[in-house]
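Reader: I have a structure open and no idea how its helices and strands fit together. Can we go through it?
Author: Yes, one part at a time.

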Amino acid sequence: MKRRNAWFKTDRENIFKFAQGYKDFLKKCKTERETVKFVNEYFLNNRRDREFIIVNRNKSVALIRLSEDFGMKMIASHIDAPRIDLKQNPLFEDSGLGLFHTHYYGGIKKYQWLNIPISLHIFMVKSNKETLEINIGEELDDPIFVIPDLLPHLSKKVIDEKVTKEAFDANKLNIICGSIPFSEEEKDQIKLNILNYLYERYKIVEEDFVSAEIQAVPAFEPRDLGFDRSLVGAYGQDDRICAYASLMAFFDVEISDKTQVLLMVDKEEIGSEGNTSAQSSFVYDIVIEILKRKGIEPTFANILNFFKSSQCLSADVSAAVNPMYKEVHETDNAAYINNGVVITKFTGHGGKYYSNDANTEFVAKVKEAFNRDNVIWQIAELGKVDEGGGGTIAKYISKHNIETLDCGPALISMHSPFEIASKADLYETYKAYKSFLMMK
C-alpha cells in the first residue's frame, strides 16, 4: 500500500473551481446560525423530488432524500467552531478603554487570539421582542475589534517566564470596543458612549445583551496559501470543510438504495451537549419524520430497526503532520497534506477511551467503495498513543447501533484562527462523500 498525492490523480481545474466555492462559503458562514441559513437557502434553490429539510432551532439541520429501502446513509458533520463569546454582562471600561468581557468556546490556544482583527457576529432578541442579526467587522469599512497583547519590553515576568497555561488568563481575553467618553463626567463615560452608539445605530439597550449570542471571530477572509495556491487558509475549517463537501456531494448524486441524510449539528467543540447537538433527540426527529413519510408507523421498534439498518460517515477533520512538530505523530499512522481524504477507525484518548472504534466489516466496505470510485484516501489516527487525542460525534451516532466511521480531510493548525487545508484533499473528500452516498 502506497501513499498517493492527490494532485496527480484528479483534474486540477476541478480542484481549483471547487475550492473557490468553498472559500465563498467560509466567508459567509462564520457561525452555526449563518451556516444553517446558507444550507437552508441552498436547499430551497436546488431541491428535487423526494427531498425535504428539517431545521432544529436554527443551529442544526438535516437534509433528507427518501428512498425505498429501509435504513439510511448519513453524513454527519458539525458546524460550530472554536471562538470567543461575549458574556451576558459584557460591557465595562478600564484605563481609558471600553472593553467586553468574554468566555472562550471550545479548545483554543488563547495566545493565538491576541492582536488579530476580530469581527462580532450578533444574534439578539431585544427587550421589545425584535430580533436583530448583524455582523460588524467583516466589510472593509467596518470597525474591527481586538484583544490586546502585552509589549515584549514588559512581558518577561508576566508572560515569558510562565508556562503557556498560566501565562494566558482567560479572564484577560477582553476585547477593546471603544475609547471616546460620552461626557467629561468621571465614571463609566466610555461605556455610556458605546451604549449610546449601540442604541442610536441598532436600538440596543444594555439589558439586550442578556438574550444575545455575540460571537467574536477572526475578521480576515479565506485566502489562497502558497505560490501555487494549493492550500486554503481560513477560520472555521474544522469542521465546515466537511459540511461544505457533504452539501455539494448530496446535490451531486442521485437516489440510492437507502434514504440519504445530511446532518449538521452544533456544540461538538464543547462535548456535544445541548438540544442542538449530536447527543440531542434531533436524530430521532429525523428518523420519525422519514418513517412517517414512508408510511411506516414510528414505533420504538421500527425506529431501532431503522437505526440498525443504517450507516454513517462522521464527517470530521484529522490532524495533518506539521513538519516542525513531527514528534507528536507516529509517522506510519499519521495523515499528510495532499494525500487525500482521511479514514479514522477510532479517535479518543490513550487506550481508545471516549471513541467509536468502527467495525472492520464497515471499514472494508467503505474502503472498497472508495477504491472503486477512484477516491484518494489515507488511513490515520490522531497523534501518538498517549500524546493527547480528541473526539468527534461518531461515538454519539454509533450508540444508536448505526455503523459509523470518521472520514474527512487533514488540517494543519487545527483550532487556530487560521487553519490550513489542501484544496486537493477538499476535493477528494467531496468525491468520498459522493461515493459513500451511492455505496451498495
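Author: One term to begin with: an axis here is a line fitted to C-alpha atoms, for helices over the stretch in contact, and angles run from 0 to 180 degrees between N-to-C directions. Also, this is a predicted model.
Reader: OK. At what angle do helix 2 and helix 6 pack?
Author: About 10 degrees, with the axes 12 Å apart. Helix 2 covers residues 32-46 and helix 6 covers residues 237-251. Angles under 35 degrees count as roughly parallel, so helix 2 is roughly parallel to helix 6.
Reader: Which residues make the contact?
Author: Helix 2 contributes Glu-32, Thr-35, Phe-38, Val-39, Tyr-42, Phe-43 and Asn-46, while helix 6 contributes Arg-240, Leu-247, Met-248 and Phe-251.
Reader: How do those divide into nonpolar, polar and charged?
Author: Seven are nonpolar, two polar and two charged.
Reader: New topic, the sheet. What order do the strands come in?
Author: The order is 1-2-12-3-13-19-15-17, eight strands in an open sheet with mixed pairing. Strand 1 (51-56) and strand 17 (377-379) are the edges, each pairing on one side only. From one strand to the next, the twist averages 20 degrees.
Reader: And how do strand 2 and strand 12 pair?
Author: Antiparallel, over five bridges. Val-61, for one, has Met-264 in strand 12 as its bridge partner.
Reader: Which strands does helix 9 touch?
Author: Helix 9 (residues 360-372) packs on the sheet and touches strands 13, 15, 17 and 19. Its direction makes about 45 degrees with that of strand 19.
Reader: What about helix 11?
Author: Helix 11 (residues 423-437) also packs on the sheet, touching strands 3, 12, 13, 15 and 19. The direction of helix 11 makes about 150 degrees with that of strand 3.

Technical notes. Residues are numbered from 1 along each chain as its sequence is written. This is a predicted model: local features need pLDDT of at least 70, side-chain atom pairs count only at pLDDT 80 or more; totals for chains, interfaces and linings use all residues. Side-chain values use heavy atoms; hydrogens and water are left out. Helices (H or I, at least four residues) and strands (E, at least two) are DSSP runs, numbered from the N terminus. Angles under 35 degrees count as roughly parallel, over 145 as roughly antiparallel, 65 to 115 as roughly perpendicular and the rest as oblique. Contact means heavy atoms within 4.5 Å. Ala, Val, Leu, Ile, Met, Phe, Trp, Tyr, Cys and Pro count as nonpolar, Asp, Glu, Lys and Arg as charged, and the others, Gly among them, as polar. Two strands pair if DSSP finds at least two bridges between them.
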